[in-house]
Structures are given as C-alpha cells and as structure tokens.
Amino acid sequence: MPNLRPRPRRGAGRVARAAGRGAGAAGRDELVSRSLQSAEHCLGAQDFGTAYAHYLLVLSLAPELKDDVKETFQYTLFRWAEELDALSRTQDLLGCYEQALELFPDDEVICNSMGEHLFRMGFRDEAAGYFCKAVKLNPDFSDAKENFYRVANWLVERWHFVMLNDTRRNTIYNAAIQKAVRLGSKSILDIGTGTGILSMFAKKAGAHLVYACELSKTMYELACDVVAANEMEAGIKLLHMKSLDIEIPKHIPERVSLVVTETVDAGLFGEGILESLIHAWEHLLLQPKTKGENGNCEKYGKVIPASAVIFGVAVECAEIRRRHRVGIKDIAGICLPTSVKFQSPAYSSVDAEETVEPYTTEKMSRVPGGYLALTECFEIMTVDFNNLQELKSLATKKPEKIGIPVIKEGILDAIVVWFVLQLDDEHSLSTSPSEETCWEQAVYPVHDLADYWIKPGGQVTMEVSCQDYYLRIQSIRVFNSEHEMDVGKSFTKNKDLLPLGNEAELCSALANLQTSKPDAVEQTCTLESTEIALLNNIPYHEGFKMAMKKVLSSLTLEKLGQAMDTQCQNNEMSCESGQNDSEQSVPEPLYVLDVSEGFSILPIIAGTLGQVKPYSSVEKDQHRMTLDLISEANHFPKETLEFWLRHVEDESAVLQRPKSDKLWSIIILDVIEPSGLIQQEIMEKAAISRCLLQSGGKIFPQYVLMFGLLVESQTLVEESAVQGTERTLGFNIAPFINQFQVPIRVFLDLSSLPCIPLSKPVELLRLDLMTPYLNTSNREVKVRICKSGQVTAIPFWYHMYLDDEIRLDTSSEASHWKQAAVVLANPIQVEMGDELVLNVQHHKSNVSITVKQ
C-alpha cells in the first residue's frame with residue numbers, strides 16, 4: 001500500500017523545532033522572571049529557605065544570570081544556613097552548601113563559609129580543605145586566611161615543627177633504629193607515624209617490611225606525600241587508623257619484630273603509649289626474647305624506646321603560682337570568702353575522675369621569672385616498655401608514697417616532672433629542663449596547703465600512680481622538722497597518731513582521715529589558668545574600679561541634677577494645684593553589663609559603686625554560684641547581681657538593651673584574647689554596644705594601642721617552620737609540613753623569649769571602640785634599626801586605655817594575657833641606622849603586619 005502521508009517539505013522540521021524552542025525560551029524566561037520576583041518577596045518576608053529554593057531554580061534555568069544574582073544568592077544562602085544550624089538540621093545545611101558550590105565552584109566566600117560551619121561541627125580536616133581552597137582562589141581574602149591559620153594550629157600542632165628541627169632527637173632515634181635493623185629486626189610497625197620520619201629511618205636502614213599507622217587524617221595524608229616525595233611509597237605501607245584497631249592478617253600479614261614509636265608527651269604517658277604497647281604485645285608483636293636466650297633477633301619482638309625513667313623536683317615558681325593558685329584575699333575591695341575554693345584544671349584530687357590530664361606543661365627554661373629547686377632531683381618511677389606484665393600492672397598498681405627532703409627554703413608551688421627515654425642499651429634522650437630539647441616538662445601545681453612555706457629539714461610527700469594511664473602525683477603534703485604537718489583544710493593534725501612510725505606513713509594516715517565539713521556552704525570553682533591569673537591581676541581590677549567609678553559618678557551627678565529639676569517642676573505644679581505629694585519615686589539604677597569572656601568579678605566591683613544594677617555574662621552554673629557566694633560575703637544583696645544570659649533568649653545576641661526603655665551606662669568588652677590576638681568580631685560588637693549606651697555611657701576599654709618591635713629570634717623561626725633537610729637528616733619533609741605553618745605565633749612570654757631586640761617599640765595600630773572614625777584600616781609605620789642583625793619576627797602587645805589616664809599593659813609582669821608575634825617568611829638583614837617600613841592592615845578583627853621592601 002502506498003504511503004499516503006504527505007512528506008514534509010525539506011526544512012519544515014527545522015522550522016518547527018525552532019518555533020518550539022522559541023516557545024520554550026519564552027516559557028523559561030517567564031518562569032525565571034516569576035521565580036526572581038518570588039525570591040525577592042521571600043527575602044523581604046525573611047523566608048530565607050523559600051528564597052533559596054527560588055534562586056536555585058533561577059540559576060539552574062538561567063546560568064547566565066550567575067554574576068547578576070551572586071551577592072544576593074550568597075546572602076540568602078548564609079541566612080538560610082544560620083536557620084538550619086540553629087535547628088540542628090546538619091544534613092540540610094551541608095546539602096545547601098554542596099548545591100551552592102556546584103553553581104559557584106570557584107567562589108571563595110562560599111568555600112570559607114562552608115569551612116566555618118564544618119569547623120563548628122568538629123570536622124576540622126574538612127574545614128581546613130575549604131579554607132585552603134578559599135585562600136588559593138583569593139590570596140588576599142583575609143577572613144579565609146585567618147580561618148586557615150586558626151584551624152592549622154588544630155590540625156598540625158606546633159610541636160611537630162620543633163620536634164622535626166631537633167637534630168639531636170632525630171639522630172639518636174635514627175641510630176637506635178639502624179642498630180635494631182642491623183641486629184635482625186626486619187619487619188617494623190611505626191605507631192603514630194606523624195610525618196613518617198621514623199618509618200623512613202627504618203626503611204633506609206634496610207628493613208624489609210615497614211608499616212606505619214596514623215589516626216589524624218591530615219597527618220596521614222601529609223605522611224603519604226612525604227613518603228612519596230622521598231621515593232619510599234613502595235617500601236612503607238601507611239594505615240589511616242589507630243594501632244588499637246590493626247588486625248592480623250586484615251591490615252598487616254603477620255606479627256612484626258619491632259615497634260617504634262614516639263607517642264610520648266611531657267608526662268610520658270599522655271599520648272596513650274601504654275595502651276598502644278599493651279595491645280601491640282598482645283596482638284601485633286612477636287614474643288620477646290627471654291634473658292640469656294640467643295638466636296636471630298628477627299624471631300623476637302621488641303620496642304623502641306625500650307624503657308623510661310621519670311624524674312621530678314619540687315620548685316618555687318611565681319609564674320606557676322599566679323596561674324594556678326588565687327593568692328590574694330582582697331580584690332579591689334572585694335573580699336574572697338574562705339568558703340570559696342578556686343582550683344585549676346590541672347588540680348588532681350585523690351578521686352578526681354573528672355580530671356582528664358592531671359598536669360599542665362611548661363618550658364621551664366623559659367618560664368618568666370625562672371624557678372628555684374627546693375629539693376634534689378628524685379626518681380618517681382621506671383617503666384620497661386618490653387615487659388607486658390609490667391605495663392599491664394601500672395594502671396592497677398596502688399599509689400606509691402614518696403618522701404623527699406627539702407634542701408632550700410621557699411614557697412612550694414609545683415612538682416616538675418621530666419623523663420629519660422632509653423631507646424636501647426646505648427641510646428637515650430632526656431627531657432630535663434637543663435637539656436636543649438623539643439619537649440616541655442609536666443607541671444603538677446600544688447593546692448590545698450594551709451601553708452606553702454617549706455625549709456631545710458622538712459619533707460615533701462606525695463602519692464604517685466598511673467590511674468587511667470596518666471602519671472598522677474596526688475596528696476602532696478609538707479612535713480617539717482617540728483613534727484607538724486600541713487594537711488590542708490580537709491584534714492586534722494592528730495597528736496595521737498604520731499607514734500605510728502615514719503613521716504610518710506603518718507602523712508598517708510592523716511590524708512585518709514574523714515573529717516566533718518563545716519556548716520558553711522563551700523563552693524569549689526574550677527577556673528582556667530588564665531582566669532586564675534586574671535583574679536591575681538591587681539592592676540587590672542584596680543584600674544577598672546577607678547574607671548567605672550569616674551563614669552558612674554559623672555552619670556549619678558547628672559541624674560541627680562535632672563531629678564532636682566524634675567522635683568522643682570513637680571513642686572511648682574503641686575503648689576499651683578494645692579496638692580502635697582510627699583511620696584518620693586525610687587531612683588532608677590545605672591546599668592552595667594560585663595560581657596568579657598570567662599569568670600569575672602567586675603560586676604560585683606561595679607555593684608559597690610553606688611546605685612548600680614550589674615549584669616554578669618558568665619555561663620557556667622559553678623561560676624554563678626561562686627559569684628553569689630562572693631556577693632553575700634561582701635554584704636552585697638544576692639538579688640542585685642543579675643546573670644544576663646538568663647534574660648537573653650539567643651546567646652549569640654548578648655548585646656541588647658537592659659530593658660525596653662533603658663540603656664547601659666557601661667559595657668565591658670573583651671578586646672584581647674589570652675593568646676595575645678585581637679578578639680574576633682570585636683569591632684562589630686563595639687558598633688552594637690555604642691548604640692546601646694546612654695548619653696555619657698562608655699565602653700571599656702575605650703581604645704587600644706598595639707605596639708611592636710623588630711627582633712632576631714632563631715627560636716621563633718624553628719617553632720614556626722621546619723628548616724630545610726639538614727635537620728631531618730636529608731629527608732624531604734619541610735615543604736609538606738610547612739604548608740601548615742602560620743605567620744603568627746601566640747601564647748608567648750616576651751620577657752623570657754630568646755631574642756635580640758633590633759629596634760625600640762613602636763605604635764602599630766589604634767583600635768578605638770568609642771570613636772571609630774579615628775581608626776584606619778591600613779597604615780605604614782617607619783621603624784629605625786638600633787642594632788645590626790637579622791629581623792626574623794615582630795612581637796606585639798597592647799596598651800588598653802579604660803580612659804585617657806587609666807591604662808593596662810598586656811605585656812606587664814602582672815598581665816594575665818600572653819603576647820604574640822608575626823614570624824617573617826624570610827629573614828631581613830639590617831644594619832644599625834637603617835629604616836624599615838611596616839605595612840599594618842586591619843580588617844574586621846584580623847591584623848596583618850608585613851615589611852614593605
């Protein structure tokens with residue numbers, strides 16, 4: 001049958017398709033236009049979720065509009081993400097950012113914001129990746145750079161740089177590993193490999209099989225890059241896991257003959273070396289060689305380091321004391337009651353289950369003001385890492401009592417601990433304060449003594465244990481030559497117990513006595529070391545008291561004048577109307593808000609300065625109870641002090657009016673972090689605060705001056721970056737780990753930092769919180785060189801002006817703040833009389849200092 005359907009004319013299909021496309025384009029344009037209108041309407045109604053959905057539709061239909069709607073889309077995304085975050089809709093939040101990055105893969109602002117959310121959620125590795133990408137996309141994006149610097153400190157801790165620059169440590173570990181391989185240890189497991197340097201020592205020494213495990217994702221990836229760059233990836237198998245999770249034959253084919261590790265902290269056991277070695281001996285290592293047994297070492301298991309000896313000394317140290325013990329009873333007229341006991345997190349009571357790490361760490365050779373040894377150095381314990389039974393018994397062993405004779409008179413502030421790591425019978429490393437080493441020392445601050453003064457003829461006693469695989473030094477007591485014992489407030493001196501025997505046993509007996517508690521309410525308040533140092537900072541509290549008194553007195557006089565004028569007017573009106581109103585209205589108080597970080601008694605001080613209603617922003621219930629007790633002890637009505645967060649629905653919006661019709665007289669802001677950096681978003685907080693002040697009200701501090709000087713400091717250089725290949729014995733590690741170097745070092749003590757000043761201090765920057773028009777975002781500062789040398793760093797600190805007369809110096813001896821420094825990427829050679837120009841940039845709360853060449 002013939003085909004009766006008419007054949008289309010040539011080109012007719014093309015015309016029809018074009019017509020269809022025209023109709024489709026018109027429909028698409030109409031949909032895009034309506035979606036844009038809907039998005040704008042939703043933004044006006046603050047319906048950010050719907051607005052975001054409309055923008056997604058617009059951009060999927062009309063990608064050519066990306067540049068036109070980019071800024072509005074970003075704003076919508078960020079506001080919608082804030083809502084999702086508040087609702088804990090984590091998956092939806094991350095999904096929104098993934099969609100946004102598909103549309104704008106090279107947008108540094110979205111990358112940075114994604115990183116900020118991930119970091120807050122605890123995904124530090126992933127956050128670092130987004131911050132790093134944002135910086136690569138825009139090297140001048142200061143927010144992303146600051147975020148990357150902050151997260152880099154979490155991902156690659158600064159001690160990695162110091163450790164890799166420690167040539168002596170590297171040489172001795174290399175020699176011990178070489179010797180073990182030469183004696184027959186051919187299969188090796190490196191636990192906690194870090195950059196992989198110990199594994200590379202083993203491979204270069206001739207080991208047949210080398211396995212290395214690392215839990216940190218960042219360090220694992222770094223080790224992979226390092227091993228590949230040194231052309232050893234074929235001979236070293238890297239495992240991204242804890243050694244406790246390694247199984248045979250799933251991860252490694254058979255037991256190894258040698259475990260090498262350096263998972264030791266200042267307190268020896270704090271990085272989990274006991275747990276990992278117990279597991280290794282039980283599951284991953286060959287059986288150890290017994291004494292007197294001969295044969296090939298390859299058939300037996302052993303560990304490097306082989307053993308360790310832990311040492312200690314009792315010291316007097318004013319710096320440790322002021323950061324771990326509140327040593328004053330009166331703070332700017334506020335009496336601290338005996339019912340309140342302050343302690344630092346490093347405090348470790350007999351049953352302190354809540355204390356995770358019962359010590360702090362210090363580089364004792366650099367502690368400000370130095371220290372005085374009050375006893376001889378004494379041995380605390382030894383541990384054999386090649387003895388499984390000994391390792392297992394350490395955690396269950398009863399505390400051992402130690403008594404140490406006092407050789408010098410002084411104040412007992414701490415027990416300082418270090419160790420000697422015996423890698424084998426020939427090679428050892430000491431972490432003693434007298435050694436040039438990459439390690440710090442563990443510090444156990446002394447608490448709970450009625451009298452800390454000790455003298456020759458006396459004895460310091462303590463109990464040593466290894467509970468929870470941490471070295472614990474507890475129940476530190478003093479026994480002096482007059483047969484009196486300081487056992488703290490919780491214990492009594494019982495003469496009937498004197499015949500029991502030696503002093504250490506007597507100390508133990510008294511320490512275990514249970515005594516009745518006094519009727520008064522006692523409050524133990526745990527504070528960070530910076531908070532304790534703040535309480536001990538007398539100039540800080542006296543300065544604030546004087547500055548607040550000036551402002552409040554001025555406002556009170558002004559208020560009294562206004563009240564008298566009002567009273568006169570009311571009297572005149574009463575006389576004219578024939579009324580006699582004898583009732584007096586209750587005067588309205590002046591409102592003071594303290595939003596400084598952590599524990600602060602400034603609101604109580606403010607409350608003593610007249611008709612004042614102070615508000616504290618402390619968050620912890622423990623801190624609130626303590627402030628209540630201090631208030632009551634100073635006859636300060638408990639209800640007068642308010643805790644501001646109880647009045648604020650959203651803690652992120654702390655800066656609000658005290659009442660709908662009232663404003664603040666004083667707002668206290670934290671401008672400087674304890675680390676020595678400017679607080680994030682401080683200028684934004686200051687801008688809001690200015691809008692909340694009554695006429696004549698003040699922000700404290702009113703302005704801040706930043707000072708700095710040029711120095712030559714090899715110490716700062718070595719703590720900031722790995723120096724070439726010589727320090728790492730020829731292995732190429734520096735370029736990889738130095739990706740995580742940051743230009744700013746924080747938590748410095750300039751008074752004890754090894755450095756040579758090459759200039760006098762100069763003013764770098766002014767931050768004015770009350771009169772922002774005086775601030776500049778970019779300025780050049782000329783610095784004259786007063787000594788020839790190499791400029792390697794620019795340390796900086798601040799003078800905080802509460803007003804034009806009252807100044808606080810963050811570099812003073814009494815300061816609870818530390819200092820910081822910019823470390824130059826490349827040292828600059830200078831001669832006396834030269835002049836360098838510094839470019840100081842201030843963006844939001846971020847400050848960058850560069851040398852203009």
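When I say helix or strand today, I mean a DSSP run, at least four residues of H or I for a helix and at least two of E for a strand, numbered from the N terminus. With that settled, hello everyone, and let me walk you through this predicted model.

Let's begin with the whole chain. It has 853 residues, and buried ones make up 50% of them. The chain holds 22 helices and 38 strands. If you take the contacts with a separation of 6 or more, 75% of them are between residues 24 or more positions apart.

How confident is the predictor? The mean pLDDT of the chain is 86, with 87% of the residues at 70 or more. Two stretches deserve some caution. Residues 1–21 have a pLDDT below 50, and beyond near neighbours in sequence they make zero contacts in the model. Residues 487–519 also have a pLDDT below 50, yet this stretch has 41 contacts in the model beyond near neighbours in sequence.

Now for the inside. In soluble globular proteins, nonpolar side chains tend to be buried together. Here the largest nonpolar core has 137 residues. Which of its residues touch the most other members? They are Phe-73, Leu-268, Phe-269, Ile-380, Phe-385, Leu-421 and Met-462. Helix α4, residues 90–103, gives the most to this core, with seven residues. Apart from this core lies another one of 95 residues, including Val-340, Ile-532, Leu-602 and Met-683.

Let's zoom in on Phe-73. Leaving out neighbours within four places in sequence, Phe-73 is in contact with Tyr-52, Tyr-55, Leu-56, Leu-59, Ala-100, Leu-103, Phe-104 and Ile-110.

Ile-402 is another residue to click on. You'll find Ile-402 in strand β13, residues 400–405. Is Ile-402 buried or exposed? With a relative accessible area of 9%, Ile-402 falls under the 20% cut-off, so it counts as buried. Not counting residues up to four places away in sequence, Ile-402 touches Phe-378, Glu-379, Ile-380, Val-460, Thr-461, Met-462 and Val-464. Two of those names, Ile-380 and Met-462, came up a moment ago in the largest core. Ile-402 also pairs up with Ile-473 in an interesting way: they are 71 residues apart in sequence and 9.9 Å apart in space, C-alpha to C-alpha.

For contrast, look at Arg-79, which sits in helix α3, residues 66–86. Arg-79 has a relative accessible area of 26%, so it is partly exposed. From C-alpha to C-alpha, Arg-79 and Gln-46 are 8.9 Å apart, with their positions 33 residues apart in sequence.

Next, the cavities. How many turn up in a search of the whole structure? The search finds three of 30 Å³ or more. The largest has a volume of about 110 Å³. Its lining is made of 13 residues, and Leu-677, Ile-678, Ile-744, Ser-845 and Val-847 lie nearest its centre. By type, the lining divides into nine nonpolar, two polar and two charged residues. If you want to trace it on screen, α7 (142–155), β34 (789–801) and β38 (846–852) each supply at least two residues of the lining of the largest cavity. Strand β38 supplies the largest share, three residues.

I'll finish with the backbone. Most residues other than glycine have a negative phi, and most peptide bonds are trans. So where does this chain depart from that? A cis peptide bond joins Ile-304 and Pro-305, with omega about 10 degrees. Pro-305 lies in the loop between β5 (302–304) and β6 (307–316). The peptide bond from Phe-700 to Pro-701 is cis too, with omega near -5 degrees. Pro-701 lies in the loop between β27 (693–700) and β28 (703–708).

Then there is phi. Tyr-469, though not a glycine, has a positive phi of about 60 degrees. Tyr-469 lies in the loop between β19 (459–465) and β20 (472–479). At 24% relative accessibility, Tyr-469 is partly exposed. Leu-729 is not a glycine either, and its phi is positive at about 55 degrees. Leu-729 is in the loop between α21 (714–720) and α22 (734–737). Leu-729 has a relative accessibility of 24%, so it counts as partly exposed.

That's my tour, thanks for listening!

Notes: Residues numbered from 1 in each chain as written. Predicted model: local features only at pLDDT ≥ 70, side-chain atom pairs only at ≥ 80, totals over all residues. Heavy atoms only, no water. 1 Å grid on protein atoms, 1.4 Å probe; cavity = no way out; pocket = protein on both sides within 12 Å on 5 of 7 lines; lining within 4 Å. Points joined across faces, edges and corners; volume = space filled by probe spheres on them. Nonpolar A, V, L, I, M, F, W, Y, C, P; charged D, E, K, R; others polar. pLDDT = per-residue confidence, 0-100. Contact = heavy atoms within 4.5 Å. Buried < 20%, exposed > 50% of the residue type's maximum accessible area, 1.4 Å probe, protein only. Core = buried A, V, L, I, M, F, W, Y, C linked by side-chain atoms within 4.5 Å.
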